[in-house]
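This report goes through the strands, the cores and a few individual residues of one protein chain. Please keep the sequence and the structure in view while reading.

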Amino acid sequence: MRWGAKTGPLVTDVGEGWRLLAANLLHRDGPHLGLNLLVFAVVGSAVERACRWWDYLALLAVAGLATMAGSLWWSPAVSVGASGLVFGCVGALLVLGRRSRAGPAARFRWFSGESAVPTVLVFLWLGWTSAGVDNAGHLGGLLAGLLVGVLLRSRTWAPGAGVPGVARAAGVVALAGVVAAGVVAERSGWRVERDDGFGLAVTLPEGWRREDDGQGRRAFSNGLPGRGRATLAAEAIETGEPGDGSAQARYFRDEVLEPGLAGPEGRTVSVGALEPASLGGRPAQRIRAELDGAGGPTHLVAWFVPRGEWVYRLVFTWPRAYPAYAQVVGRMMADVRFEEPSGLRVARARALLVPGVAGPLRDLGQALRRWGLPADAVEPLVSAVRLAPAHVDTRVELARAYFESGQVEEGCHAAAEARVYGPSDTGAMEAGVRCELARGDTARALLRLEEARRLDPRDARLRAAEGALKAALETPKP
């Protein structure tokens, strides 16, 4: 890969099209190179003696492009080797031998005889039944040789062809370049990956595939295991309370990106500070880090985007060795979209299909509030309270919607009414705690919370809230 192997993501994502030619000159080991040289010494020298040098070079260039373009069209896997050039020469000799009656090419008519075609088929069959063989590349080289062989002229057919012959050969190479560029363009598309449940859409390069990270997250990569590897991991974290994502960002920085700690994409080398930013039109927190990954130094950027009671965590990594990948990741970040989650759409539909019923209206208001639309949640919740005034949970939900939309007095009024209808309901008591906190009276909020704890001492969430309030009261103000 470092020297120019055909590597799908580096061709389609980064634009290193020169690999379609360079990969033909590379081999994985000595036996691979020796076998190709042995066969090439026979068929390559035959074409070289039968045709003029410019036609021979054109054949090699076209066969090389067709080999790696065919390989890229079939698979993004890493591929090297000159066997496609060998198949290209064989294809050209098959055509030349049929057309030649005299001259240098006539000596190689046996290539097009009954013994030649079965030999070619045997080699293709051996490739299809063997592991680690680029059969698509072999077919591409063979087809290119057959097509170019129609245009080739032996030395006896075109004595002194000169400039016209060179121009024709250059035109054939240019046409092959256009076709190869078309294959690259076709494989360089982008697609939209959606998570309908959480309302998240990300645009990815077409060649990126889903991976299992072992923790249930949505993970994608360009398919490379080491050098050149780029990834995206997306996760929605339920927080239970609206926030700005900074708590989740700090945890990720301190626990997951601890310097020296090895993670899924490499060992952390350095971590930057939290940065306020924006992603998909929403406020976010961002962290940058440098990793020592499996393929060398790796950049990481993590985004934390709050949305109601959820925080989206999107982590991008890309290799420092290929700085052009920064543009790919930049486009992915720019195209992140936050759409309406399926659960919210279902709640809207139920409220429309069953009008005048408290349950669907309450569910719609709760869904709107949980997904970060508390102001929109007020109207359906008010309607639900009007239809079922004794339902305490609906009143508690209305109070939360008021608080989260900044309507403190309305929220305190709704909390007080919830306490009237549910004097021993811990949810109503918690709404009162939120009222005191919204008014800035932490001590009174703690008293109300202790009262709720006495009614339900096993509630872990209330216990944690009590501890946090006590810590806040004990901390001296600056």
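Through how many residues does a hairpin join strand 9 to strand 10? The hairpin between these strands has two residues. The model is predicted, and the description below starts from strand 9 and its partners.

## Strand 9 and its partners

Strand 9 covers residues 282-293 and pairs with strand 7 (residues 266-271) in the antiparallel sense, over four bridges. Within this pairing, Val271 has Ala289 of strand 9 as its bridge partner. Strand 8 (residues 275-279) also runs antiparallel to strand 9, and five bridges join the two. Here Ala277 is bridged to Ala284 in strand 9. The hairpin of strand 8 and strand 9 has two residues between the strands, and Gly280 in this hairpin takes a positive phi near 60 degrees.

Strand 10 (residues 296-307) is joined to strand 9 by nine bridges, again in the antiparallel sense. One of the pairs is Arg286 with Trp303, the latter in strand 10. Strands of a sheet pair through backbone hydrogen bonds, in either a parallel or an antiparallel sense.

## The sheet of strands 1, 2 and 12

Three strands form an open sheet with antiparallel pairing, in the order 1-2-12. Its edge strands are strand 1 (190-195) and strand 12 (337-338), each of which pairs on one side only.

Strand 2 (residues 200-205) and strand 12 run antiparallel and are joined by two bridges. Ala201 stands opposite Arg337 of strand 12.

## Nonpolar cores

The largest nonpolar core has 51 residues, of which Leu232, Leu314, Phe316 and Tyr325 touch the most other members. A second core, separate from it, has 31 residues, including Ala46, Val90, Ala92 and Leu152.

Tyr325 can be followed further through its contacts. With neighbours within four places in sequence left aside, Tyr325 is in contact with Pro9, Leu10, Asp13, Val14, Trp208, Asn222, Gly228, Ala230, Trp318 and Pro319.

## Two buried polar residues

Thr12 is found in helix 1, which spans residues 8-12. Thr12 counts as buried because its relative accessibility is 16%, and the cut-off for buried is under 20%. Leaving aside neighbours within four places in sequence, the contacts of Thr12 are Leu72, Val184, Arg187 and Ser188.

Ser246 belongs to helix 9 (residues 246-256). With a relative accessible area of 13%, Ser246 is also buried. Not counting residues up to four places away in sequence, Ser246 touches Leu274 and Gln285. Gln285 falls within the residue range of strand 9, 282-293. Ser246 and Pro306 are 60 residues apart in sequence, while their C-alpha atoms are 9.0 Å apart in space. Pro306 falls within the range of strand 10, residues 296-307.

## A nonpolar patch on the surface

Which residues form a nonpolar patch on the surface? They are Leu353, Val354 and Val357, with about 260 Å² of accessible area together.

Val357 lies in the loop between helix 11 (342-353) and helix 12 (358-370). Is Val357 buried, partly exposed or exposed? Val357 counts as partly exposed because its relative accessibility is 35%, and partly exposed residues lie between the limits of 20% for buried and 50% for exposed. Leu353, another member of the patch, falls within the range of helix 11, 342-353.

Key: Residues are numbered from 1 along each chain as its sequence is written. This is a predicted model: local features need pLDDT of at least 70, side-chain atom pairs count only at pLDDT 80 or more; totals for chains, interfaces and linings use all residues. Side-chain values use heavy atoms; hydrogens and water are left out. Two strands pair if DSSP finds at least two bridges between them. Patches are made of residues with over 30% relative accessible area and no salt bridge: like charges are joined within 9 Å, nonpolar side chains (Val, Leu, Ile, Met, Phe, Trp, Tyr) within 5 Å. Accessible areas come from the Shrake-Rupley method with a 1.4 Å probe; for residues, only the protein chains shown count as cover. A salt bridge is a side-chain nitrogen of Lys or Arg within 4 Å of a carboxyl oxygen of Asp or Glu. Buried means under 20% relative accessible area, exposed over 50%, partly exposed in between (1.4 Å probe, protein chains only). A nonpolar core is a set of buried Ala, Val, Leu, Ile, Met, Phe, Trp, Tyr and Cys residues joined through side-chain atoms within 4.5 Å. Contact means heavy atoms within 4.5 Å.
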